[in-house]
Protein chains: 2
Amino acid sequence: MRGEHDGRADRILDAAKELLLRWGYRRVTIDEIAKLAGVGKGTIYLHWRTREELFFAVAAREAVAMLDAVAAAMRADPDEIMLHRYMRRFYLEAMDRPVLRALFTRDAETLDKFLSSPARKPLEGAKLIASRDYLRVLAGHGLLRAGLRPEDLDYSLPTIVFGFFAIEPLLPADVTLGLEEKAGHLADTLRRTFEPERPSAREPAAGEVVEIFERLSRDFKDAAYGGKHGS
Amino acid sequence: MRGEHDGRADRILDAAKELLLRWGYRRVTIDEIAKLAGVGKGTIYLHWRTREELFFAVAAREAVAMLDAVAAAMRADPDEIMLHRYMRRFYLEAMDRPVLRALFTRDAETLDKFLSSPARKPLEGAKLIASRDYLRVLAGHGLLRAGLRPEDLDYSLPTIVFGFFAIEPLLPADVTLGLEEKAGHLADTLRRTFEPERPSAREPAAGEVVEIFERLSRDFKDAAYGGKHGS
DNA sequence: GGCGTGACCAGAACGCTATATTGGTCATGA
DNA sequence: TCATGACCAATATAGCGTTCTGGTCACGCC
């Protein structure tokens, strides 16, 4: 592993993230990032091809942290692999990380053009929310409603989850619900809509599921640091 | 009732609606509306106080048409009062009406600033989706899950429904689902999340529910035509 | 005399040019 | 071989004169 190389990438990503959250996507310049990271501007282009790819990497690294937290929780408690438990944690972890929160709630003030930037495609939440592999394992172990095939969720599942994120900027100021409660409502909806009344045991599926999320985490990690160079 | 007065209002609203859909909110001027409606500009201000209120009236009149269709369907078939059936029809009727579709899918190209305009508040979908009166009647007649109180839906119900509308502009072009199928997924989600497994009979509640929607329709009608003058 | 109208006005929006900024490159030097 | 910052084309911004447009109201027609 290229230790120092990745260390420098992290310093640059730290700088980009900090400025992104402070000033918003539009106002952050490559020069400022380089200055804050203590590197020359050209160095940034040794890691990523374009400004867009750099910010994509910022998001990808956040996704890695989230996925690692998810996988750790699943390792600690197999119940956590259930769709509604996963999405509950997904929601809480995403809302706790300012960059991901901005992405998922579509915070235009912070992200501006980045919201509709083409470089974002590979990261699209769909991958995270409706990972086919994950859903296939759930279905195979009787953890989805009988007769529900993974592709049946292609539309409904991301749509429901999306709603819980995207509603955020529209909520009236006097809503008193906390994050945990909102996450609970989301989980409840998904459990009732997609899960069996008496699900099978989780343990047999837990190993496979954890592996899927570990792999997903690695994929995002490669995407974050490997923008220009190979693995 | 002031027949000719309202007739003229309708001609103005027709003109405003037509231009809105053709050109988008930003490009439509009061002068053009007046010209197309065959009235003087000042006349428009005899009906509504501001441009915003005029366009709000356009939307309100569409909502009236939708609510009337909803109430008619409920009169024809009491099953239609069930939450999941209502929201299914709500979705289909709204998506069939370009103005409402633009509103609910938050079509920025068409609506521009109108999306965040203060005059829109009284119309907010929340009123339509989570009418407390309606939900109270459902709960009172055993048509909501046991223990579910109307206010428990304040957050979840509009959030889920919102997701199904707001996801529209984000769907990849190759989604093959038709409107009916999407409506079906929405209905399924709401039925499983909020309704009892074996609901009571609908007939006892049907009359009350129809009345609620008829009243809601009248409210929106007043709002549409009564911007300046009383009833 | 009450209703409808379009000339009128202030302020917002637009187009245009000159200027400044910035993403991305690459010759240079460590 | 790797890192750098001066450099450049392209885009964004600022300033400003002009046009456009929402909203008003004095007038005149029915």
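So, to kick off: which residues come nearest to DNA strand D? In this predicted model, the ones to look at are A:G40, A:G42, B:I30, B:G42 and B:R51, out of 14 residues around that strand. You'll notice that both chains are in that list.

If you think in elements, the ones giving two or more residues to the surface near strand D are α3 (41–47) from chain A, plus α2 (30–37) and α3 (41–47) from chain B. The largest share comes from α3(A), with 4 residues. And by class, that surface has 4 nonpolar, 6 polar and 4 charged residues.

Okay, now strand C. There are 14 residues surrounding DNA strand C, and the closest are A:I30, A:G42, A:R51, B:G40 and B:G42. Here α2 (30–37) and α3 of chain A, together with α3 of chain B, each supply at least two residues of the surface. For strand C, α3(B) gives the most, namely 4 residues. The class split near strand C reads 4 nonpolar, 6 polar and 4 charged.

That brings me to the symmetry. In general, two copies of a chain are related by a rotation about an axis and a shift along it. For our pair, a turn of 180 degrees and a shift of 0.0 Å along the axis lay chain B on chain A, with an RMSD of 0.0 Å. So what we have is the relation of a two-fold axis. If you want to find that axis from chain B, go to B:G163, whose C-alpha is the nearest one in that chain, 1.8 Å away from the axis.

Next, how do the protein chains touch? We get 15 residues of chain B in contact with 15 residues of chain A. On the chain B side, α10 (153–166) and α11 (179–194) each supply at least two of the residues involved. The largest share of that side is from α10(B), which puts in 8 residues. Those chain B residues divide into 7 nonpolar, 6 polar and 2 charged. And 100% of the interface residues of chain B are also interface residues in chain A, so the copies meet through the same surface.

Last bit: helix packing inside chain B. As a reminder, two packed helices are described by the angle between their axes and the distance between the axes.

Take α4 (residues 51–76) and α12 (residues 203–225) of chain B, where the axes come within 8 Å and cross at roughly 165 degrees. The two helices are therefore roughly antiparallel to each other. Their crossing is left-handed. On the α4(B) side the contact includes B:A57, B:A60, B:V64 and B:L67, and on the α12(B) side the residues include B:V209, B:F213, B:L216 and B:F220. By class, this contact has 16 nonpolar, 1 polar and 5 charged residues.

Then there's α4(B) with α5 (residues 83–96) of chain B: those axes come within 10 Å and cross at roughly 140 degrees. This crossing is right-handed. Here B:M66, B:A69, B:V70 and B:A73 of α4(B) meet B:Y86, B:R89, B:F90, B:E93 and B:A94 of α5(B). The classes in this contact are 7 nonpolar, no polar and 2 charged. One residue to click on is B:V70, which is in the α4(B) contact with α12(B) and also in the α4(B) contact with α5(B).

That's my tour, thanks.

Note on methods
Residues numbered from 1 in each chain as written. Chains lettered and ligands numbered in written order. Predicted model: local features only at pLDDT ≥ 70, side-chain atom pairs only at ≥ 80, totals over all residues. Near = placed C-beta within 6 Å. Nonpolar A, V, L, I, M, F, W, Y, C, P; charged D, E, K, R; others polar. Least-squares fit on C-alpha atoms with pLDDT ≥ 70 in both. Contact = placed C-beta atoms within 7 Å. Axes fitted to C-alpha atoms, helices over the stretch in contact; angles between N-to-C directions. Parallel < 35°, antiparallel > 145°, perpendicular 65-115°, else oblique. Left-handed = near helix turned anticlockwise from the far one by under 90°.
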